Amino acid sequence: MTEDKLKSMLYKMIKIRYAESKVAELFLAGEIPGFLHSYVGQEAVAVGACEALRGNDYITSTHRGHGHLIAKGGRMDGMFAELFGKKTGYCKGKGGSMHIADVSIGILGANGIVGAGLPIANGAALTSKMKNTGQVTLCFFGDGAANQGTFHESLNLASVWKLPVVFICENNLYAMSTPCCEHMNISNICERAKAYGIPGSTIDGNNVAEVYEEVSKAVERARSGDGPALIECKCFRKFGHFVGDPGDYRSKEQVEEWEKRDCIIGLKENLIKSKIFNEKEILHIENEVKREIDEAVNFAKESSYPSPADAMEDVYSDWNWGEEYR
Amino acid sequence: MRVITYREAIKEALIEELRSDPDVYLLGEDIGKKFGGTNKVTLGLWEEFGDERIRCTPISESAIIGAAVGSAMTGMRPVAELMFIDFLGVCLDQIMNQAAKLRYMTGGQVSMPLVIRTPGGAGRSSAAQHAQSLEAIFCHIPGLIVIQPATPYDAKGLLKEAVRNNNPVIFIEHKMLYNTKGEVPEGEYTIPIGKADIKREGKDITVIATSRMVNFSLEAARQLENEGISVEIIDPRTLVPLDEKTIIESVKKTGKVLIVHESVERCGIAAEIGQIINENAFDYLDMPVRRLGAKNTPVPFAPILENFVIPDAKKIYERIKSML
């Protein structure tokens, strides 16, 4: 853990926070269609975890995927253009928020089906293992997904085949509106690792350094051929499940309690205290980030929409059959 | 020409593709060492290719298909086996929402070169949860290629082509066809996806049949020949994309159509093909397109009940007679 690493992680966390805030603002103003799931509050998990990766490692993400995309190095312009449904978006306007991917840098995609990323992450890890590339796959999912059959099937298969995958559970204490104590009978999801014969740990998901250290250990272990691990990061999303959800199934006290532990405020305070950064430098980063995001939003707004007939492309790979009778 | 079984033809296709492309691998339940799959299709493959490329899995259909999806997206060419097509329900999300859609949703960033081989079909009292024909469900999901071969020759040629195609292919076999025999040339050949086959030429009526119904239709046609009725049998082979041209040409020639499939009649592929004929050859029809499928019931267990529900050569013969 170097100073540079801490600074870099702060920058990325701020970027996610500002991007997500901007996204929510645009959405509530009616400029972005569909629905959105904000990552605000959980930045330390995506950033700390992705910091432990090499450029060509893979990640699979969730419906709450913008944070992972940004943490792994995804482009703001591609992301915003996609959210606006523009031709220049990452997915040419065909995927939207829950399906954004940048496969060129190993981001295999957000996913709209809870728990669907785990079997897919295993697949990517299997490729790395069969081709002996040394790549590792990080699989993000939430506490809700930990009850899906796919969670159990995937941890088991990854364990049996010793796949180079690290399962990262972002336990933000609520599966949509249902609190943990109502959807499972155990306190820590990491306990389930034992059932599949893999190491499991629970850490403070608001401490980016802790996330980085723990994930790094698991990533190196996976890379060296010793198989998967489960890391549960206890965290909290600042807002409701989706943008527009008032989230009043959570008490004001609980929300305020977690606010005090905000991951970005915490890191800023630590960096200032240890004199790694001063307030002026942090302000500079924030302005840089704002500028970057404003540029991306302008790019998105000025980009063209796809033409309607583009909807017919990319259903299949390199192969179209003749529409002779239609 | 040498004669081999449907099972052997499929095995040969797998062996040839495994040998020629190191990215091809198989995964599925019990497909490996000494067991070689519930229908013995992969018997002997583990002995040649080992654990790495013949991957025996836990009973976890979602994990199996998902592993195929993730590895196909990242450079491998998996051939997954879904032990019975009836188990589709256990892993439908990974097929329907992931394999079929990831290329589209990512704006073309990924290819999905995977094959899911799965046997369906009734005929030996395997009962409702092990005897279905579910091709129509797959046909209804954009992004998939759906192939349903009826003969050893078609099975081998199409499976090889399916493995080489960069799209997700559902390759539907039939449990009662594994022991059937047919001519299969030595040496390399493939069959194009999306091309129907005229299994029998005729002029009085067009029968469009799939999978095991092709053999039953041929049996009925031989009997009808003796009565002076000339039956043309079209085997689509690939359901999506469908070779509409061959079908329409035949309809224009005969003016009468019977579509036969083993799956339940309601919303079966006959409904789709019938409508395509309606739209493209209405003026050539002497009578409405007719169809024959299984009765709209789950497949029953007792042979006498199963035989009542599932179409066979006799029922096809009678239906054709009633149309002429």
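Strand β2 of chain A contributes 4 residues to the lining of the second largest pocket, the largest share from any element. The model in which this pocket is found is a predicted one. The volume of the second largest pocket comes to about 340 Å³. Its lining comprises 26 residues, of which H63(A), V114(A), G142(A), G144(A) and A145(A) are the closest to the pocket centre. Besides β2, helix α5 and strand β4 (174–175) of chain A each supply at least two lining residues. By class, this lining consists of 11 nonpolar, 11 polar and 4 charged residues.

Strand β2(A) is also part of a sheet. In chain A, 5 strands are arranged as an open sheet in the order β1-β2-β3-β7-β6, and their pairing is parallel. At the edges stand β1 (58–60) and β6 (200–204) of chain A, each of which pairs on one side only. On average, neighbouring strands of the sheet are turned by 20° against each other, when direction is ignored. Within this sheet, β2 (residues 137–142) and β3 (residues 165–171) of chain A run parallel and are joined by 6 bridges. One residue of the pairing is F141(A), whose bridge partner in β3(A) is C169(A).

Two helices of chain A are placed against these strands. Helix α5 (residues 117–131) of chain A packs on the sheet and touches β1, β2 and β3 of chain A. The direction of α5(A) makes about 175° with that of β2(A). Helix α9 (residues 208–223) of chain A lies across β2, β3, β6 and β7 (229–234) of chain A. Relative to β6(A), this helix runs at about 155°. Strand β2(A) is thus touched by α5(A) and crossed by α9(A), and β2(A) also supplies 4 residues to the pocket lining described above.

A further helix of chain A, α7 (residues 180–183), contains C180(A). C180(A) counts as buried because its relative accessibility is 12%, and the limit for a buried residue is under 20%. When residues up to four places away in sequence are left out, C180(A) touches D143(A), N171(A) and L173(A). Between C180(A) and E170(A) the separation is 10 residues in sequence and 12 Å in space, C-alpha to C-alpha.

Enclosed space was examined as well. Over the whole structure, 4 cavities of 30 Å³ or more are found. The largest cavity holds about 100 Å³ of space. Its lining is made up of G41(A), N206(A), F236(A), R237(A), K238(A), V255(A), W258(A), E259(A), R261(A), D262(A) and C263(A). Helix α10 (residues 252–260) of chain A provides 3 of these residues, the largest share. The lining of the largest cavity divides into 4 nonpolar, 2 polar and 5 charged residues.

The second largest cavity holds about 50 Å³. Its lining residues are S61(A), G65(A), H66(A), L69(A), S97(A), I100(A), I107(A), G109(A) and A110(A). Here 4 residues are nonpolar and 5 are polar, and no charged residue is present. The lining of the largest cavity, in contrast, includes 5 charged residues.

Chain B also contains an open sheet of 5 strands, in the order β9-β11-β10-β13-β14, and in this sheet the pairing is mixed. The edge strands, each pairing on one side only, are β9 and β14 (290–294) of chain B. Neighbouring strands of the chain B sheet are turned by 25° against each other on average, direction ignored. Edge strand β9(B) pairs with β11(B) in the antiparallel sense, over 3 bridges. In this pairing, R200(B) stands opposite I233(B) of β11(B).

Helix α9 (residues 244–254) of chain B has buried residues at E244(B), T246(B), I247(B), I248(B), S250(B), V251(B) and T254(B). In an α-helix there are 3.6 residues a turn, so residues three or four places apart point the same way. The buried residues of α9(B) pack against four strands of chain B, namely β9 (197–200), β10 (205–209), β11 (231–235) and β13 (257–264), and also against helix α10 (269–281) of chain B. Just after α9(B), G255(B) adopts a positive phi of about 80°.

Technical notes
Residues numbered from 1 in each chain as written. Chains lettered and ligands numbered in written order. Predicted model: local features only at pLDDT ≥ 70, side-chain atom pairs only at ≥ 80, totals over all residues. Heavy atoms only, no water. 1 Å grid on protein atoms, 1.4 Å probe; cavity = no way out; pocket = protein on both sides within 12 Å on 5 of 7 lines; lining within 4 Å. Points joined across faces, edges and corners; volume = space filled by probe spheres on them. Nonpolar A, V, L, I, M, F, W, Y, C, P; charged D, E, K, R; others polar. Pairing = 2+ DSSP bridges. Axes fitted to C-alpha atoms, helices over the stretch in contact; angles between N-to-C directions. Contact = heavy atoms within 4.5 Å. Buried < 20%, exposed > 50% of the residue type's maximum accessible area, 1.4 Å probe, protein only.
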